[in-house]
Amino acid sequence: MAERRGRIPARWRSAGRALLRVITVWAVSSLTLLALAGLLPDFQLQSADGDSVTRTAVTAAWGAGAFGLLGALVWPLIVRALLLVPALVLGLLVFFLNGSLLLVALWLIPDGRGAAAPETAVVVAAVMSAVASATSTALAVRDDDAYRRRLYRLADRTRPRAARAGAEPVPGTVFLQLDGVGHRVLCDAVAAGRMPTVAEWLATTHALTPWRTDWSSQTGASQLGILHGSNEDVPAFRWYEKDTGRLMVSNRPASAVELQRRAVERTGDGGLLTLDGASRGNLFSGGADQLALVLSMAARRGRRNRSRSGYFAYFSDPANAVRTAGSFVAEVLREMVQSTRARLRRESPRVSRGGLYPFVRAFATVVERDVVVAAVMGDILAGRTAVYADLVAYDEVAHHSGPQGRDTDQVLERLDRAIALIAKVAEHAPRPYRIVLLSDHGQSPGETFESAYGLTLRDLVRVGCGLPVPRRVRRTPWGHPRTESGGASEARDAARDALRSALHRPVDDQGADGDETEAEAAAVAAARAPQPIVLASGNLGLVSFPGVPHRMTREEIDRLHPALLRTLAQHPGIGFLLVASEEHGSVVLARDGVEVPLAQLAEQAEQAEQAERADQAGGTDHADRAEHAGRADHADGGPLAVFGPGAAEAVRRTDGFLHVADIMVNSMYDPETGTVHAFEEQIGSHGGLGGEQTRAFLMWPRELTAPPEDLAGAEQVHQVLRGWLRESEGPQVPLEISPPNGRTEAFLPVDGPAVRDKNG
């Protein structure tokens with residue numbers, strides 16, 4: 001009884017503090033409403049004949065209270081009803097929906113004393129929500145219990161999950177992927193003071209290492225390997241599959257779910273997050289049972305399809321909705337200002353940043369970031385064992401603004417604040433958390449291939465095949481004056497002469513819009529069938545001939561299109577080609593007639609690795625070993641030497657894929673400037689070999705076992721992360737890869753077969 005009497009005063013004190021906070025927020029909101037009524041001409045809280053100060057204050061209090069209740073009770077229902085609305089549209093609707101709630105609140109005021117024009121209501125509602133949120137947060141910060149409850153509410157959690165009785169809480173793990181942030185970019189940002197949270201961790205608790213990506217240095221391949229342990233047969237971001245006739249694109253739902261299905265079938269394992277895991281903002285689920293904004297979920301069929309459910313937890317709080325919507329608008333304006341400044345300054349390289357891009361950027365840098373961060377906060381407060389989240393803001397901006405510069409510096413600063421917020425929330429979690437930072441690839445700068453040479457890769461392939469091309473290609477010299485030497489010009493002219501000789505006709509006798517007759521076009525198609533499919537993945541290009549069911553060899557291509565391989569290999573913007581050969585297996589082709597069997601390059605790579613191991617035994621440090629390996633590759637004189645250590649092995653692995661293209665094309669790479677030429681409209685690109693795009697990073701708490709020094713490939717990163725999860729509490733994922741069986745499908749995020757997209 002005495003113990004019960006001791007608890008009652010504490011409960012009353014807690015209830016009293018909560019009531020005081022409610023009254024304070026209500027009062028501040030009422031004062032805000034009064035101030036806005038005095039400032040805005042189309043907003044009033046008095047009758048037409050005027051009211052006393054007391055009466056006006058009561059009206060303001062009534063309106064503020066009604067608006068607060070509507071926000072708490074009605075707003076979540078509105079957001080849930082709009083889950084099927086695209087997130088971009090939902091973000092723009094937030095202001096208008098909130099303004100509508102204010103109009104309803106004013107309508108509820110007795111005697112009709114509240115009135116506002118619709119456009120004014122939008123402004124008043126936004127200010128009211130922001131003030132109420134700021135006041136509530138300021139009051140809660142002084143009370144740890146209240147602050148913790150507010151975090152639970154913002155993250156859509158009512159209470160943490162109970163820990164096991166009699167057991168100390170074991171650490172959970174949060175993996176935060178900073179999409180596209182290369183190792184050098186991170187180090188430079190830390191040195192410049194743009195990421196103070198990361199800098200503090202590196203100085204006290206964390207360690208950092210680079211890791212080398214696969215040839216396909218892009219999120220689809222890297223994240224599939226990291227989350228599911230296998231990225232076999234993912235040759236690029238997009239590729240054509242001859243056996244199925246499908247165009248696979250990593251960021252399309254139908255392709256994502258198929259890639260995940262194949263990985264699960266290949267490994268027999270659901271993924272990194274199969275035990276009490278959460279996947280947030282990723283392309284793939286990783287086997288997690290808690291999913292939000294996961295692309296492979298979007299291909300689900302049935303009632304379990306909740307691909308947008310992650311938005312509800314965040315936007316159900318009107319203050320969150322208003323803050324994010326306001327930041328969204330600010331980001332759109334920021335992009336417009338930055339792109340205009342770049343255009344006025346004639347910055348080079350530069351790509352178009354108009355159309356819908358400002359809104360796409362705002363979604364990636366604001367909406368996606370806020371929703372994912374809130375979801376991670378909720379997972380931490382719920383005490384989940386493993387969380388993997390992808391923050392894509394930097395990657396999106398770097399594609400159009402370049403990997404380094406004022407635009408991306410601002411994004412890195414905001415990412416650092418998001419990391420700090422997650423770390424702060426972890427202090428209130430029911431278990432300790434280890435936060436691991438990593439990236440899936442970097443980015444390499446450079447002018448686009450089309451901007452540098454006046455034609456696209458597709459144009460160049462069609463020229464080599466003798467197919468009609470636009471007039472602009474005929475008028476454009478094959479090589480940029482700033483990058484083309486005299487020898488390159490001679491090689492270019494020789495290739496063009498060889499082309500004309502092979503085809504017995506001019507390269508382009510047709511107009512830009514295909515002015516030839518249908519009969520002529522049919523004749524060309526018949527003579528030169530099958531026409532190639534040309535796809536771009538950053539600075540990696542893929543050429544496939546869909547009419548041939550197997551992978552074509554060099555000899556077959558030469559018979560069908562005698563000038564194609566020479567045209568591509570001799571171009572100054574092309575670094576090397578990979579093609580199969582009936583005589584030599586697979587070969588790597590480059591300028592000046594260079595042709596080296598891939599097996600020979602692999603042997604040279606093995607010799608370089610042996611030299612590196614010898615250096616290691618002799619006590620040479622890691623940086624010197626990497627430099628020595630690079631010098632060894634250059635000494636071999638092979639066409640892959642310039643692309644650095646590991647290039648030959650990466651190419652050899654891709655050569656063994658079932659769906660490797662008939663011709664794999666990697667752009668040139670200048671080691672002095674670190675630049676490449678993307679075959680897409682990107683001045684910061686990734687997807688192939690060359691420069692910082694293949695040097696991602698991994699940053700981990702030092703209490704965990706350090707990864708191997710020469711960390712190469714996403715599949716090896718997966719093994720490292722698996723090991724760290726085991727260190728926390730026994731096996732978090734299967735210790736051995738089990739053979740595929742009928743239960744494999746249980747790990748897939750689909751109830752039925754994937755729905756094909758418009759490209760198959």
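In the predicted model, helix H15 lies across strands S3, S9 and S10 (433–438). The direction of H15 runs at about 165° to that of S10. The three strands belong to an open sheet of seven strands with mixed pairing, in the order S4-S21-S10-S3-S9-S7-S8. The edge positions are taken by S4 and S8 (290–292), each of which has a single partner strand, so one side of each is left without a neighbour in the sheet. On average, and with direction ignored, neighbouring strands of this sheet are turned by 15° against each other.

Within the sheet, S3 (residues 172–178) and S9 (residues 386–391) are paired in the parallel sense, over six bridges. In this pairing, Phe175 stands opposite Tyr388 of S9. Helix H7 also packs on the sheet, where it touches S4 and S21, and its direction makes about 150° with that of S4.

The buried residues of H7 (residues 183–191) are His183, Val185, Leu186 and Ala189. Viewed down the helix axis, the buried residues of H7 fall within an arc of 165°, so they line one face of the helix. An α-helix has 3.6 residues a turn, so residues three or four places apart point the same way. The packing partners of the buried residues of H7 comprise the helices H8 (196–204), H14 (393–401) and H15 (406–426), together with the strands S4 (206–212) and S21 (695–701). H7 is followed by Gly193, which has a positive phi, near 80°.

Helix H9 (residues 219–228) is mostly covered, with ten of its ten residues buried. Among them are the polar residues Thr219, Ser222, Gln223 and His228, as well as Leu224, Ile226 and Leu227. The N-terminal end of H9 is capped by Gln218, a side-chain oxygen of which lies 2.7 Å from the backbone nitrogen of Gly220. Just after H9, Gly229 adopts a positive phi of about 80°.

In soluble globular proteins, nonpolar side chains tend to be buried together. The largest nonpolar core of the model contains 60 residues. Those with the most contacts inside this core are Phe175, Trp215, Tyr388, Leu640, Leu698, Leu721 and Trp724. Helix H26 (residues 714–729) gives the most to the core, contributing six residues. A second, separate core has 45 residues, including Val376, Ala398, Ile419 and Phe697. The facing residues Phe175 and Tyr388 of the S3–S9 pair are thus both listed among the residues with the most contacts in the largest core.

Technical notes: Residues are numbered from 1 along each chain as its sequence is written. This is a predicted model: local features need pLDDT of at least 70, side-chain atom pairs count only at pLDDT 80 or more; totals for chains, interfaces and linings use all residues. Side-chain values use heavy atoms; hydrogens and water are left out. Buried means under 20% relative accessible area, exposed over 50%, partly exposed in between (1.4 Å probe, protein chains only). Helices (H or I, at least four residues) and strands (E, at least two) are DSSP runs, numbered from the N terminus. The arc is that of the directions from the helix axis to the C-beta atoms. Contact means heavy atoms within 4.5 Å. Two strands pair if DSSP finds at least two bridges between them. Axes are lines fitted to C-alpha atoms, for helices over the stretch in contact, and angles run from 0 to 180 degrees between N-to-C directions. A polar contact is a pair of N or O atoms within 3.5 Å; within protein, one must be able to donate a hydrogen and the other to accept it, and residues adjacent in sequence count only if both atoms are side-chain atoms. A nonpolar core is a set of buried Ala, Val, Leu, Ile, Met, Phe, Trp, Tyr and Cys residues joined through side-chain atoms within 4.5 Å.
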